[in-house]
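Here's a quick briefing to skim before you set anything up. Have the coordinates open while you read.

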Amino acid sequence: MIQNRELTIDDYVAMLRRRLWVILIPAMIAPAIGFGISYLFPPKYTSQSTVLVEAQKVPQGYVKPIDSEDLMQRISSLQQQVLSRTQLQTAVERLGLAKGANVDEVMDDIRKNMTITPVFPDAGGAKKKPGQSDVLGFQVGFTSSNPRNAQQVCNQLTSMFLEENLKAREQLAQGTTEFLSRQLEEAKHTLDDQDSKLAAFKRDHFGQLPGDEDNNFKILMGLNSQLDANTQTLNRAQQDKSYAEAQLSTMMSQWKASSQSSTSPQALEQQLAQAQAVLLQLQGRYTADHPDVVKQKNDIAELKKRLAEVNSAQPEQNTEKVSAIEPPEIRNLRVQIHQYEQAISQATSEQKRLQEAIKTYQSRVSLSPAIEEQYKQLTRDYDTAQKFYTDLLGKKSESAMTTDMEREQQGEQFRLMNPASFPSAPSFPNRLLFAGGGLGAGAAIGFALALWLELKDKAIRNELDVEAVMELPMLISLPWVVEDENSGKKRLEAGTSTRDRDKETVQV
């Protein structure tokens, strides 16, 4: 093949024609060789079973499923459990596979030849429900040199998958319920402790809690109003007592003076002084129009008139004996004074009580911020403990329903769709696949050999080859003279047949 020029489609077709047998001979021989080689490998038989994953029968809105992992992750976890030494050793002894062989080697052979293949829904199948996995199920496969053993082992492995799934789901649900029960018991103890602390704090700080602050202010205002009213009552009682005592003193002086000498200037002056003192007290309490003030002024005027009369004339001697019994007015005044003393005593006691109560509520109001902070902390801890307890109680109830659902097999289940099949034909070696591989290898060898022969071929076959080799323009071309086999005559051929490419056209 001349490499100094660009090849065309005609050149490639010519190459294919020249080297066709070089390509076809390896392509026809290699499939037969591959088919024969397939008989050198011992046959392997594969048994398969199909397990369908059924969705939970109870709606998830009522009972939540316990599975949080992906289906393939759970299948992988179950595979590790099924292929554990304990499980496999039991299966090997049950099937009698270890006769005359090492148990560990048999178990390793089972692990190597077991396959798990997920089953996906068809593209045109039914729509997936909410919460449903993309995997509809899985296939368990086992490959062995004996078809009967392959079926038995595959059937046993599938049964182990189903049993382990039921056991794992029930254990998971039961373990979750027991764990939540322990946590719920601890949360209840914590909640009881917080409740006791909160109750003791309320008992020790009764009336000082944040909710009592407004009530304390109202009570304090009421106590202050009562104290003001009590103070006014006490002052009024004291004033009334002082007035009654002044009146009593005046009447006693008058009564004693009248009993001794009703017309004595000294007695009249003493009565006048006492009456004036009483008038000053009355004027301090009442106005000038008050009846008591007017009466006292009239008494003073009468005393002054009598005193003037006594001073202007000699008094007459009174020899009559004065009665020693006090007049009713004096006795009434004494009773009033006693009543005023009792009222003052009661008002004083009430005043002390109100003052103590005001101090108590003032201390409560002043301590409210500190008490409020402690109360909020205790309330926050109590609310947290109560919320945690309530959440755990709800989760425990859900877990208990899930456990009952799993016990009744109402949750997600593995159902055997197709039992382990009996392999009538070996899965390995696939003789058609070997023959196809031989065909591909033979064709590749043929093309490689043809390409090698073309690269090694330096023949000149047409005008383009001449120009590429000699690097000169072509002046004339002589066609090949061919003798006709039928008539024996010679004829000229200007075309480029296969014979022309084999014997080459001489070009100048």
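The notes below cover confidence, the nonpolar core, one cavity and one buried residue.

This is a predicted model, so to speak with caveats attached: local features need pLDDT of at least 70, side-chain atom pairs count only at pLDDT 80 or more, and totals for chains, interfaces and linings use all residues. Residues are numbered from 1 along each chain as its sequence is written, and side-chain values use heavy atoms, with hydrogens and water left out.

**Confidence**
- The chain's mean pLDDT (the predictor's confidence in each residue, from 0 to 100) is 76, and 76% of the residues reach 70 or more.
- Residues 123-127 have pLDDT below 50, and beyond near neighbours in sequence this stretch makes zero contacts (heavy atoms within 4.5 Å) in the model.
- Residues 314-324 also have pLDDT below 50, but that stretch has six contacts beyond near neighbours in sequence.

**Nonpolar core**
- The largest nonpolar core (buried Ala, Val, Leu, Ile, Met, Phe, Trp, Tyr and Cys residues joined through side-chain atoms within 4.5 Å) has 28 residues, and Leu157, Phe161 and Phe414 touch the most other members.
- At least two core residues each come from strand 1, helix 3 (71-82), helix 4, helix 5 (103-113), strand 2 (114-119), strand 3 (137-144) and helix 6; helices here are DSSP runs of H or I with at least four residues, strands are E runs of at least two, and both are numbered from the N terminus.
- Helix 6 gives the most to this core, with seven residues.
- Setting aside neighbours within four places in sequence, Leu157 is in contact with Val82, Leu88, Ile110, Met114, Val140 and Phe142.

**Cavity**
- There's one cavity of 30 Å³ or more, where a cavity is a set of points on a 1 Å grid over the protein atoms alone where a 1.4 Å probe fits but cannot get out.
- The largest cavity holds about 40 Å³ of space, with volume taken as the space filled by probe spheres set on the points, which are joined across faces, edges and corners.
- Its lining (residues with an atom within 4 Å of a point) includes Leu88, Ile110, Gln156 and Leu157.
- Helix 4 gives the most to the lining of the largest cavity, with four residues.

**Val53**
- Val53 sits in strand 1 (residues 45-54).
- Val53 counts as buried (under 20% relative accessible area, 1.4 Å probe, protein chains only) because its relative accessibility is 14%.
- Beyond residues up to four places away in sequence, Val53 touches Leu71, Leu136, Gly137, Glu412, Gln413 and Phe414.
- The C-alpha atoms of Val53 and Leu71 are 9.1 Å apart, with their positions 18 residues apart along the chain.

Terms used
Buried means under 20% relative accessible area, exposed over 50%, partly exposed in between (1.4 Å probe, protein chains only). On a 1 Å grid over the protein atoms alone, a cavity is a set of points where a 1.4 Å probe fits but cannot get out, and a pocket is an open set with protein on both sides within 12 Å along at least five of seven lines; lining residues have an atom within 4 Å of a point.
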